[in-house]
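Work through the following exercises with the structure open beside the text, and try each task before reading its solution.

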Amino acid sequence: MSKPSAVEAAPDVIVSDDLRVQAHIGVHDVERERPQSVRFDVEIETVPGYLAHVRVTDDFVSYADVVDYIEAKAASGTHVRLVEEWAADVADFALANPLVDRVSVRVLKTEIFERAAGVGIRIVRRRG
């Protein structure tokens with residue numbers, strides 16, 4: 001008797017949640033003076049048949065690649081004007097992998113308002 005196999009009901013989602021880096025980001029003079037804490041939440045939806053593809057080819061979507069990309073940009077010391085720009089860069093990086101169909105990126109600056117855990121943006125991009 002063979003083992004029953006599950007059928008994908010929805011895309012698999014690779015998650016990097018609550019990644020925090022120190023980065024130079026913002027349009028205001030005070031934000032240019034020192035790095036601030038920035039939080040990233042990234043959800044990467046895979047293409048249909050992803051797991052079967054992984055089993056056959058060993059190609060996969062690596063959350064570590066996305067984390068490394070974000071951390072390297074933060075460590076570079078490059079000043080980013082807008083959270084929107086950084087979110088779009090992360091989405092473009094993820095979508096460069098042909099196994100990625102859709103990506104959601106949330107970027108929050110966590111030190112702007114005491115009464116808010118963070119302020120920023122969430123974007124969703126799909127393979128075109």
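**Exercise 1.** Is Phe40 buried or exposed, judged by its relative accessibility?

*Solution.* Keep in mind throughout that this is a predicted model. Residues under 20% relative accessible area are counted as buried. Phe40 has 0% relative accessibility, so Phe40 is buried.

**Exercise 2.** Determine how the rings of Phe40 and Trp86 are arranged, and which parts of the chain the pair ties together.

*Solution.* The structure holds two aromatic pairs. In the pair formed by Phe40 and Trp86, the ring centres are 4.9 Å apart and the planes stand at 75 degrees; planes over 60 degrees apart count as edge-to-face, so this pair is edge-to-face. Next, locate the two residues: Phe40 is in strand β2 and Trp86 is in helix α4, so the pair ties together parts that are 46 residues apart in sequence. Finally, consider accessibility for the second partner: Trp86 has a relative accessible area of 1% and is therefore buried.

Turn now to the pair of Tyr69 and Phe93, whose ring centres lie 4.3 Å apart with planes at 15 degrees, so that this pair is stacked. Tyr69 belongs to helix α3 and Phe93 to helix α4, 24 residues apart, and the pair thus links distant parts of the chain. Tyr69, with a relative accessible area of 26%, is partly exposed, and Phe93, with 31%, is partly exposed as well.

**Exercise 3.** Check whether the length of helix α4 agrees with its number of residues, and find what covers its buried residues.

*Solution.* Helix α4 runs over residues 83-95, which is 13 residues, and at 1.5 Å a residue it should span 18 Å; because its end C-alpha atoms are 18 Å apart, the two values agree. The buried residues of α4 are Val83, Trp86, Ala87, Val90, Ala91, Ala94 and Leu95. To see a reason for such spacing, recall that an α-helix has 3.6 residues a turn, so residues three or four places apart point the same way. The cover over the buried residues of α4 includes β1 (13-23), β2 (36-46), α3 (63-75), β3 (100-109) and β4 (119-126).

**Exercise 4.** Which residues have the most contacts inside the largest nonpolar core, and which element gives the most to this core?

*Solution.* The largest nonpolar core has 31 residues, and those with the most contacts inside it are Val21, Phe40, Ile44, Ile70, Trp86 and Val105. At least two residues of this core come from each of β1, β2, α2 (50-57), α3, α4 and β3. The element that gives the most is α4, with seven residues. Taking Val21 as an example, and leaving out residues up to four places away in sequence, its contacts include Phe40, Ile70 and Trp86.

**Exercise 5.** Trace the polar contacts made by the side chain of Asp41, then look at the phi angle of Asp18.

*Solution.* Asp41 is placed in strand β2, and with 9% relative accessibility it counts as buried. Its side chain reaches the backbone nitrogen of Asp18 at 2.6 Å and also makes a polar contact with the side chain of Arg106 at 2.8 Å. Asp18 is in strand β1 and counts as partly exposed because its relative accessibility is 34%. Most residues other than glycine have a negative phi. Asp18, however, has a positive phi near 65 degrees. Asp58 also has a positive phi, near 70 degrees, and lies in the loop between α2 and α3, where its relative accessibility of 61% makes it exposed.

Definitions and conventions: Residues are numbered from 1 along each chain as its sequence is written. This is a predicted model: local features need pLDDT of at least 70, side-chain atom pairs count only at pLDDT 80 or more; totals for chains, interfaces and linings use all residues. Side-chain values use heavy atoms; hydrogens and water are left out. Helices (H or I, at least four residues) and strands (E, at least two) are DSSP runs, numbered from the N terminus. The expected span of a helix is 1.5 Å times one less than its number of residues. Buried means under 20% relative accessible area, exposed over 50%, partly exposed in between (1.4 Å probe, protein chains only). Contact means heavy atoms within 4.5 Å. A nonpolar core is a set of buried Ala, Val, Leu, Ile, Met, Phe, Trp, Tyr and Cys residues joined through side-chain atoms within 4.5 Å. Rings of Phe, Tyr and Trp (its six-membered ring) pair if their centres lie within 6.5 Å; planes under 30 degrees apart count as stacked, over 60 as edge-to-face and the rest as tilted. A polar contact is a pair of N or O atoms within 3.5 Å; within protein, one must be able to donate a hydrogen and the other to accept it, and residues adjacent in sequence count only if both atoms are side-chain atoms.
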